[in-house]
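Hi everyone, and thanks for making time for this. I'd like to walk you through one structure, a piece at a time, so please have the picture open in front of you.

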Amino acid sequence: MPTERRHDSGTERGPGSPGPLLPRRVRIGYGLGSLCTGTFATVPGLILLYYLTNVLAVSPALAGAAVFLPKAWDVLINPLVGALSDRSRLRGGPRRPFLLIGACTLPPLFALIFAAPPLRGMAAAAYVAALFLLAATAYAVFQVPYVTMPAEITDDPAERRRVLSWRVGFLGAAILLSGALAPAIAHADGGTPASYRLMGIAVAVLLAVGMFGAWFTTRWAPAVARSTAEPSLRAQLAVARSNRPFLFLAGMWFLQALAVGVMLAGVQYFATYTLGSPGAVTPLFACLIGPLVLVMPLWTRLARLRGAKYAQGCATLLYVAGAAALALTGQVGNALGYAAVAVIGIAYAGLQLLPLTLLADTLAADTARTGKRRAATFTGLWTAAETLAFALGAGVFALVLTVTGFRSSDADHEVAQPAAALTGITAGMSLLPALLAAASLWLLHHYREDPADAPEEPARVP
């Protein structure tokens with residue numbers, strides 16, 4: 001058997017092996033970046049719409065636009081960031097300088113989103129939208145190079161999965177920590193503007209830890225390959241059309257991310273108006289994210305035994321069942337709501353891990369088939385689709401609020417909601433995400449894996 005020799009820079013493998021193992025500090029350090037991606041994907045989707053409608057007295061339609069449009073901007077800015085990163089000749093490599101730029105700009109911009117002056121209505125919406133647009137741009141500068149790096153620091157599929165396992169592990173920790181911490185701080189003093197300002201600062205610190213940590217530790221990462229993205233969104237879409245498995249996979253993930261985005265936007269409203277307490281969002285979110293790390297090894301085992309596609313189908317069906325059961329909370333009681341969210345959390349663990357596994361398999365198969373390294377193009381499109389889906393989720397839930405007659409208010413003047421709005425909140429949190437996730441199963445069914453190109457096993461949680 002080949003022998004292994006450990007050095008400070010990593011582990012070297014014997015003859016015939018794909019390449020040296022990455023240093024452990026690189027794997028862990030790269031994973032730290034998910035403290036940023038998980039937090040920024042979670043907190044605005046969880047809190048920002050509610051902050052606008054229930055603290056700054058912005059109408060649901062205007063609030064939905066203020067949340068959706070800045071994030072939709074990422075779809076346009078992501079290809080530009082990818083192209084700039086590809087062509088970069090900055091000291092520190094093509095990706096790390098962009099990580100540093102994002103780390104220096106996103107945390108303060110995020111804090112400023114929730115540090116609005118005493119504005120209400122349209123003026124408040126304009127302020128939040130402008131700061132959120134700048135923050136979304138800073139996030140793109142960090143995220144696009146970040147998600148490209150695993151394909152460039154190792155050409156060993158097994159090693160790449162070890163790197164991704166740390167990313168997924170930190171992602172779960174970030175979602176749990178930020179999703180529980182942000183609402184708890186925001187509502188600790190009755191949901192006042194001051195408590196939201198404090199929450200913005202706390203989350204900004206968490207973002208900075210993950211972003212600066214990833215930038216610093218990846219200085220020891222080797223550069224074994226260089227993938228390049230197409231210079232425009234149109235060119236990237238042309239490449240994607242040539243890869244049908246990727247199209248089906250990305251479409252499936254878009255619908256599932258949209259389902260999660262709608263549910264995420266509705267959690268705070270569900271806690272306030274269905275469960276009866278704004279503070280209920282913290283235990284509710286703990287039920288959703290708590291199972292993430294605990295059950296993820298089970299999804300990994302199922303994927304290893306039956307295939308990642310089969311496991312993804314099981315996770316999706318479980319999500320649909322949990323979301324549908326959530327609709328009965330008002331009739332059965334709050335206990336059912338918490339139990340249904342826990343079931344959704346078990347499914348969500350699989351939905352976080354398995355699409356990344358399928359994506360890595362698809363990229364490896366594309367390289368084997370074409371001889372080209374196009375990871376930057378496909379990951380850029382994947383990131384854009386995910387970002388658009390989460391942004392659209394908040395917009396869709398805002399549309400539900402608008403259609404059902406939800407009444408906005410500020411922090412000092414709570415107003416009663418009509419029965420139609422209360423029904424809309426419950427349906428938007430449960431039945432609508434269930435339908436979107438169910439629709440994604442058709443796309444998953446048409447996704448075809450190539451067994452010859454698939455890796456031996458999916459990513460494992462460290």
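**A loop, some helices and two ends**

Let's start with A57, which counts as partly exposed at 29% relative accessibility. You'll find A57 in the loop between α2 (34–54) and α3 (60–87). I picked this residue for its backbone: the phi of A57 is near 55 degrees, a positive value in a residue other than glycine. For background, most residues other than glycine have a negative phi.

Before going on, please keep in mind that this is a predicted model. The average pLDDT for the protein is 83, and 86% of the residues score at least 70. Where does the pLDDT fall below 50? One such stretch is residues 1–17, which has 27 contacts in the model beyond near neighbours in sequence. Another is residues 451–462, with 26 contacts counted in that way.

Now the overall picture. The protein has 18 helices and two strands. Of its 462 residues, 58% are buried. If you take the contacts between residues at least 6 apart in sequence, 81% of them join residues at least 24 apart.

F40 gives us a good example from the interior. Is F40 buried or exposed? With a relative accessible area of 2%, F40 is buried, since the cut-off for buried is under 20%. F40 sits in helix α2. Leaving aside neighbours within four places in sequence, F40 is in contact with K71, L106, F110, F132, A135, A136, Y139 and L207. Take A136 from that list: F40 and A136 are 96 residues apart along the chain, yet their C-alpha atoms are separated by 9.0 Å.

K71 turns up again when we look at A129, a residue of helix α5 (residues 121–148). Here the C-alpha atoms of A129 and K71 are separated by 9.6 Å, with their positions 58 residues apart along the chain. What does A129 touch, neighbours within four places in sequence aside? The answer is A66 and P70.

Next, two helix pairs. Helix α12 (residues 291–306) and helix α13 (residues 308–326) have axes that come within 7 Å and cross at roughly 135 degrees. That angle makes α12 oblique to α13. On the α12 side we have W299, L302, A303 and R306, and they meet A308, Y310, A311, C314, A315 and L318 in α13. By class, that contact has nine nonpolar residues, no polar ones and one charged.

Further along the chain, how do helix α17 (residues 419–429) and helix α18 (residues 431–446) pack? Their angle is about 25 degrees, and the axes are 3 Å apart. So α17 is roughly parallel to α18. In this pair T426, A427, G428 and M429 of α17 meet L431, L432 and P433 of α18. The contact of α17 with α18 divides into five nonpolar, two polar and no charged residues.

Finally, a word on cysteines, for anyone thinking about sulfur chemistry. How many disulfides does the structure hold? Zero. As a reminder, a disulfide is a covalent bond between the sulfur atoms of two cysteines. Two cysteines are worth finding on your screen. C36 has a relative accessible area of 0% and is buried, whereas C104 is partly exposed, with a relative accessible area of 46%.

That's my tour. Thanks for listening, and I'm happy to take questions.

Conventions
Residues numbered from 1 in each chain as written. Predicted model: local features only at pLDDT ≥ 70, side-chain atom pairs only at ≥ 80, totals over all residues. Heavy atoms only, no water. Axes fitted to C-alpha atoms, helices over the stretch in contact; angles between N-to-C directions. Helix = DSSP H or I, 4+ residues; strand = E, 2+ residues; numbered from the N terminus. Parallel < 35°, antiparallel > 145°, perpendicular 65-115°, else oblique. Contact = heavy atoms within 4.5 Å. Nonpolar A, V, L, I, M, F, W, Y, C, P; charged D, E, K, R; others polar. pLDDT = per-residue confidence, 0-100. Disulfide = S-S within 2.5 Å. Buried < 20%, exposed > 50% of the residue type's maximum accessible area, 1.4 Å probe, protein only.
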